[in-house]
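Good morning, and thank you for coming. I would ask everyone to look at the sequence and the structure before I begin.

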Amino acid sequence: MKFCLACLLCLLLAPVWAVDLRDGDVVLYRHALAPGGGDPPGLKLGDCGTQRNLSDAGRDQARRLGEALRQRLGGLRVGAVWASPWCRTLDTARLAFPGLPVKEQPAFGSFFGQMEREAGQLRDATALLAGWRGPGVLVVVTHQVTITGLSGIHPASGEGVALRWADGRVEVLGQLAAPAP
């Protein structure tokens, strides 16, 4: 019985860890666990009291997310960390990558419920990502709608999507599993 369970686990995880990251690649992470969906009315960027924030489990998940990526990278390093200006993305980035500066990037903000902003925001985000050359891997902590718009993948909280730019086009390398809560 253990052998069959182990085989099933390997099959489920194989596509996730088959991602071969190299210098200049990008990993987009959806922020860690933050109960609810969207944002409450009256959201004000810079005022975490008006936003949906990480839960205790989310803060723990964020710390484990960073550790899992550092182990995955081996000798490769995280070259920069960017995040949308929402508190839950900034908190995820700071908890996952302590000691690294986190640069706020409005192009990676949420446009959930404001789809008229989608095209322009994704254009701006794509231009920023296409300009990344390293050194190291760029980590961007953002929102589900942004990641889905850029990659076509609908990530769970704390899940990553690895991308590479080649010949002016983006290649989706695969997904990095979210650490279990």
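Let me start with a term: a residue is called buried when its relative accessible area is under 20%, exposed when it is over 50%, and partly exposed in between, with a 1.4 Å probe and protein chains only. This is a predicted model, in which local features need pLDDT of at least 70 and side-chain atom pairs count only at pLDDT 80 or more, while totals for chains, interfaces and linings use all residues. Residues are numbered from 1 along each chain as its sequence is written, and side-chain values use heavy atoms, with hydrogens and water left out.

I turn to the chain as a whole. Helices (H or I, at least four residues) and strands (E, at least two) are DSSP runs, numbered from the N terminus. The chain has five helices and six strands, in the order α-β-α-β-α-β-α-β-α-β-β from the N terminus on. Of its 181 residues, 44% are buried. By contact I mean heavy atoms within 4.5 Å. Among contacts with a separation of 6 or more, 65% are between residues 24 or more positions apart.

Next comes His143. Is this residue buried or exposed? With a relative accessibility of 2%, His143 counts as buried. His143 sits in the loop between β4 and α5 (144–151). Leaving out residues up to four places away in sequence, its contacts include Arg30, Trp86, Arg88, Thr89 and Phe108.

Two of those partners, Arg88 and Thr89, are also among the buried residues of helix α3. This helix covers residues 87–96, and seven of its 10 residues are buried. What covers them? The cover includes α2 (56–73), β2 (78–83), β3 (102–104) and β4 (137–142).

Helix α3 also holds one end of a disulfide, Cys87. A disulfide here is a pair of cysteine sulfur atoms within 2.5 Å. The whole structure has one, and it joins Cys48 to Cys87 with an S to S distance of 2.0 Å. The two cysteines are 39 residues apart, and Cys48 lies in the loop between β1 (26–30) and α2. The link is left-handed, with -90° about the S-S bond. Cys87 counts as buried because its relative accessible area is 4%, whereas Cys48, at 34%, is partly exposed.

I now come to the largest pocket. On a 1 Å grid over the protein atoms alone, a pocket is an open set of points where a 1.4 Å probe fits, with protein on both sides within 12 Å along at least five of seven lines; lining residues have an atom within 4 Å of a point. The largest pocket holds about 160 Å³ of space. It is lined by 14 residues, and the closest to its centre are Arg30, Gly38, Arg52, Phe112 and Gln144.

Two further sites deserve a mention. Most peptide bonds are trans. The bond that joins Gly134 and Pro135, however, is cis, with omega about 10°. Pro135 is in the loop between α4 (118–130) and β4.

The last residue is Gly174, in strand β6 (residues 169–176). Gly174 is buried, at a relative accessible area of 15%. Apart from neighbours within four places in sequence, Gly174 is in contact with Val19, Gly160, Val161 and Ala162. Its C-alpha lies 9.3 Å from that of Ile153, a residue 21 places away in sequence.

Definitions and conventions
Grid points are joined across faces, edges and corners, and a volume is the space filled by probe spheres set on the points.
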